[in-house]
Amino acid sequence: ARNQLIADRVKQIPAGTQTQVVAKTVEHVYAAKQLLHDFEVVYAPKNDDDERMEELRQEGLIPEEAKLMTKQKRKDLRHAFETGKLKKVICNYVWSTGVDFRELSVLVRAAASGESTKNTPIPGRAVRIMEGKGKSLIIDVWDAFSTPLLVRSRARKKAYETNGWPQIWPESKGVSRGKS
């Protein structure tokens, strides 16, 4: 249900808008991909990825045709995203630091993390304002359904406040506006 909520929001973004969805695990990247078919998958491979990818295929979490990410493919995708040729990606933390996406207008925090080391650099990719880019949007999820995830939501909200980033809360049933 959480992934569907994220996908529903993302599908409202105009097609030509550069958008990055950030998840924590390869499993979550592929779960989001099942709902966002036009997005490219990017992740940092680990030593055990061949075995893990096979397990994920057998569990039906990733498609049979999914290929293992190589350094060269990731490098090519990064270049395409940096230059604005690639508009839609779902990635894990592989691009959380050391990248400069000048056209990135929408960043989606799908990972539900509360790590202070991630709460500024990850959304910081989108909030860099430069010539030709007057605004950006960070889409996050207020995870009130789970106490540990709610603590993380509060940490992200606090980081956004500390950075001076305005927050807009949707008018919908169940949204607590950060007070719970």
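Start by selecting Tyr 30: with a relative accessible area of 6%, Tyr 30 is buried. Keep in mind on this tour that you are looking at a predicted model.

**Stop 1: a pair of rings**

Leave Tyr 30 on display and add Tyr 43. Is Tyr 43 buried or exposed? Tyr 43 counts as buried, because its relative accessibility is 0% and the cut-off for buried is under 20%. By the rule for ring centres within 6.5 Å, the count of aromatic pairs comes to five. Tyr 30 and Tyr 43 form an aromatic pair, with 6.4 Å from centre to centre. The angle between their planes is 65 degrees, and the pair is edge-to-face. Now colour helix α2 (residues 26-35), where Tyr 30 lies, and the loop between β2 (40-42) and α3 (49-58), where Tyr 43 lies. These parts are 13 residues apart in sequence, so the pair ties them together.

**Stop 2: an aromatic cluster**

Next, select Phe 81, Trp 95 and Phe 101. Together these residues form one aromatic cluster.

**Stop 3: strand β4 and its neighbours**

Switch to the cartoon view and pick strand β4, residues 106-109. Which way do its side chains point? Val 106 and Val 108 point one way, while Leu 107 and Arg 109 point the other way. All four of these, Arg 109 included, are buried.

Now add strand β1 (residues 19-22), which runs parallel to β4 and is joined to it by four bridges. Then add strand β5 (residues 137-139), which pairs with β4 in the parallel sense over three bridges. Click on Leu 107 to see both pairings: Leu 107 is the bridge partner of Gln 20, and Leu 107 also stands opposite Ile 138 in β5.

**Stop 4: Asn 163**

Move along to Asn 163, in the segment after α6 (147-162). Asn 163 counts as partly exposed, because its relative accessibility is 31%. Select Thr 120 as well: it is 43 residues from Asn 163 along the chain, yet their C-alpha atoms are separated by 7.8 Å.

**Stop 5: the whole chain**

Finally, zoom out. How many helices and strands are there in the protein chain? There are six helices and five strands, and from the N terminus on they run α-β-α-β-α-α-β-β-α-β-α. Of the 180 residues, 43% count as buried. Turn on the surface: the chain exposes about 10,200 Å², and carbon and sulfur atoms supply 53% of that. Among the contacts with a separation of 6 or more, 67% come from residues 24 or more positions apart.

Terms used. Residues are numbered from 1 along each chain as its sequence is written. This is a predicted model: local features need pLDDT of at least 70, side-chain atom pairs count only at pLDDT 80 or more; totals for chains, interfaces and linings use all residues. Side-chain values use heavy atoms; hydrogens and water are left out. Helices (H or I, at least four residues) and strands (E, at least two) are DSSP runs, numbered from the N terminus. Buried means under 20% relative accessible area, exposed over 50%, partly exposed in between (1.4 Å probe, protein chains only). Two strands pair if DSSP finds at least two bridges between them. Contact means heavy atoms within 4.5 Å. Accessible areas come from the Shrake-Rupley method with a 1.4 Å probe; for residues, only the protein chains shown count as cover. Rings of Phe, Tyr and Trp (its six-membered ring) pair if their centres lie within 6.5 Å; planes under 30 degrees apart count as stacked, over 60 as edge-to-face and the rest as tilted.
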